[in-house]
Amino acid sequence: MTLQAWQDAGMTLSTTSNEACKLFDATLYQYVTWTNDKTMGGIEGCLKKIRAADPNFVMGHVISNGLELIGTGRSPIIDQEFEKDLKVMSDLAKTQPLTEWEKMHVAALETFAKGNIPKAADVWEQILQDHPLDLLAIKLAHDSYFYLGQQTQMRDSVSRILPYWTPSTPLSSYVKGMYSFGLLETNFYDQALKVASEALAVDQKDCWSVHTIAHVHEMKADIEQGLSFMKQTENNWKGGDMLACHVYWHWALYYIEKGEYEAAMTLYDKYIAPICLSSGSILDIVDNSSLLHRLQMEGVDVGKRWDKLVQVTKKHTNDHILIFNDLHFLMSSLGSKDHEMTTQLLQSLKELSKSPGENYQQSLIKELGLPLSQALVEFGSGNYDKVVELMYPIRYKILDIGGSNAQRDIFNQVLIRAAMNSNTKAHNNLARSLVIERDVLRPNSPLTERLMRKASAVHTLI
Ligand SMILES: [Fe+2]
């Protein structure tokens with residue numbers, strides 16, 4: 001979009017560089033489609049060109065810093081370079097006659113940078129009331145709700161602006177894709193499937209809509225349908241390089257469900273690990289940790305795979321941007337038996353819990369971060385009684401650490417397996433109840449069936 005086109009859409013960009021406006025648009029396009037367009041140098045290349053076209057273009061700084069923050073791989077609290085980048089943005093905003101819309105975008109990022117993600121999402125919502133076609137605000141709010149575990153907000157945020165997106169509006173099908181994901185996470189599976197399919201009918205490369213469908217099959221334990229969907233559509237979504245690892249992770253989950261661990265491991269070795277080792281992205285790291293931990297819980301020997309992964313996670317030991325991320329980093333340090341990293345991660349987490357200030361994630365450390373981390377440590381040491389004592393009281397609050405229902409299922413599995421393996425009879429009974437609950441909610445799952453058999457065996461032995 002040119003400078004004039006942005007202005008016509010009611011979102012005036014304060015720059016005289018038409019080139020910067022077009023590059024801003026190109027960056028946003030790649031963010032929304034989860035794709036680095038190599039012909040444009042990817043997101044990285046576009047951001048560099050924006051800076052060259054107009055170093056003082058505030059919305060250029062906004063999209064650049066916004067993508068860093070929403071990636072959750074860098075925190076200005078411990079990264080001075082990043083802190084400087086944010087300061088440049090804030091200083092420029094003070095010295096220019098910006099529009100209210102631009103000022104609000106700057107304010108949202110300043111708030112997010114302090115760790116107050118709920119308040120940042122509020123600012124993006126305020127923006128959307130006047131600018132329902134602001135795709136940057138839509139997507140940043142969408143991703144923030146995901147990190148907050150605010151599933152209803154994630155759905156309704158998009159539903160409110162969806163009527164403004166007519167089929168002729170560029171990327172309108174991608175907005176539908178976001179809506180489908182909100183529907184899915186609030187358990188409207190049929191509607192989610194319908195809306196995602198409509199989006200895919202417009203653009204079959206829309207990997208976020210593909211991803212919604214992958215989730216629907218996962219949540220309904222439609223394993224065969226999930227597998228055939230993945231195989232049939234692989235060539236459409238694997239070009240979405242920022243999401244491909246995650247979609248392969250979903251594919252591997254179907255194999256774990258079926259007990260076909262070799263097939264899951266093959267996907268891990270061929271795609272999930274190599275993509276992560278080269279990207280270093282947090283989402284990819286989370287998928288790697290999650291998959292290896294799930295395989296291990298199934299009794300699979302994952303060999304030296306943790307050792308490679310920990311090389312990537314180690315540098316994030318003191319990040320503490322999201323508890324959800326911390327827990328996955330911890331899985332890798334426990335898996336590779338890197339005791340130093342485990343101790344450091346737990347100690348720094350404890351330290352931050354003392355004075356969280358307005359940092360939302362840090363305010364959750366005491367209630368969720370510490371007990372969940374400790375539970376993973378105890379699980380690794382075979383202290384199953386302790387795991388149950390730590391996790392059971394907070395099981396309904398785990399939603400607050402964010403991520404999807406499918407991702408957080410790893411914690412349900414940890415609790416069930418700990419209860420099952422505990423030496424306490426009450427815990428064994430609890431395991432049985434939890435497996436029944438799981439089966440009722442998601443019938444015909446082979447994994448649940450395996451857990452059910454184990455739980456019953458433990459029960460009859462008592
Ligand atoms: Fe997912």
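A residue counts as buried if 20 or more other C-beta atoms lie within 10 Å of its own, as exposed if 12 or fewer do, and as partly exposed in between. With that yardstick in hand, the predicted model can be walked through from the whole chain down to single residues.

The chain as a whole makes a good starting point. Its secondary structure comes to 25 helices and zero strands. The C-alpha trace spans about 75 × 50 × 35 Å along its principal axes. For 462 residues, a compact globule would have a radius of gyration near 23 Å, and the 22 Å of this chain agrees with that. Buried residues account for 50% of the 462 residues. Among the contacts between residues at least 6 apart in sequence, 60% join residues at least 24 apart.

How these helices meet can be followed through three pairs. In the pair of helix H2 (residues 18-33) and helix H4, which covers residues 58-71, the axes come within 10 Å and cross at roughly 20 degrees. H2 is therefore roughly parallel to H4, since angles under 35 degrees are counted that way. The crossing of the two is left-handed. On the H2 side the contact is made by Ala20, Phe24, Thr27, Leu28 and Tyr31, and on the H4 side by Met59, Gly60, Ile63 and Leu67. These residues divide into seven nonpolar, two polar and no charged.

Helix H4 also holds Val58, a residue worth a closer look. Val58 is buried because 23 other C-beta atoms lie within 10 Å. The C-alpha atom of Val58 is separated by 8.4 Å from that of Leu13, although the two residues are 45 apart along the chain. Leaving aside neighbours within four places in sequence, Val58 is in contact with Ser14, Met89, Leu92, Ala93, Gln96, Leu98, Glu102 and Val106.

The next pair consists of helix H7 (residues 117-130) and helix H8 (residues 135-148), which pack with their axes 9 Å apart and at an angle of about 150 degrees. That angle makes H7 roughly antiparallel to H8, because the cut-off for this description is an angle over 145 degrees. H7 passes H8 in a left-handed crossing. The part of H7 in this contact is made up of Ile117, Pro118, Ala120, Ala121, Trp124, Glu125, Ile127 and Leu128, while H8 brings Ala137, Ile138, Leu140, Ala141, Ser144, Tyr145, Tyr147 and Leu148. By type, the residues of this contact are 14 nonpolar, one polar and one charged.

Further along come helix H17 (residues 305-313) and helix H18 (residues 323-335), with axes that come within 8 Å and cross at roughly 135 degrees. At this angle H17 is oblique to H18, and the crossing is left-handed. Here Trp306, Leu309, Val310 and Thr313 of H17 meet Phe329, Ser332, Ser333 and Gly335 of H18. The residues of this contact divide into four nonpolar, four polar and no charged.

Two residues of that contact, Trp306 and Gly335, appear again in the surroundings of Leu292. Leu292 is found in helix H16 (residues 282-297) and is buried, as 24 other C-beta atoms lie within 10 Å. Apart from neighbours within four places in sequence, Leu292 is in contact with Val302, Arg305, Trp306 and Gly335. The C-alpha atoms of Leu292 and Ala264 are separated by 9.8 Å, with their positions 28 residues apart along the chain given as the sequence separation.

Two loop residues complete the picture. Ala221 lies in the loop between helix H12 (207-219) and helix H13 (223-237), and its phi is near 55 degrees, a positive value in a residue other than glycine. Lys337 is placed in the loop between H18 and helix H19 (339-353), and for Lys337 phi is near 60 degrees, again positive in a residue other than glycine. Which of the two words, buried or exposed, applies to Lys337? Lys337 has 12 C-beta neighbours inside 10 Å and so counts as exposed. Ala221, in contrast, has 20 other C-beta atoms within 10 Å and is therefore buried.

Technical notes:
Residues numbered from 1 in each chain as written. Predicted model: local features only at pLDDT ≥ 70, side-chain atom pairs only at ≥ 80, totals over all residues. Helix = DSSP H or I, 4+ residues; strand = E, 2+ residues; numbered from the N terminus. Contact = placed C-beta atoms within 7 Å. Rg over C-alpha atoms; globule rule 2.2 N^0.38 Å. Axes fitted to C-alpha atoms, helices over the stretch in contact; angles between N-to-C directions. Parallel < 35°, antiparallel > 145°, perpendicular 65-115°, else oblique. Left-handed = near helix turned anticlockwise from the far one by under 90°. Nonpolar A, V, L, I, M, F, W, Y, C, P; charged D, E, K, R; others polar.
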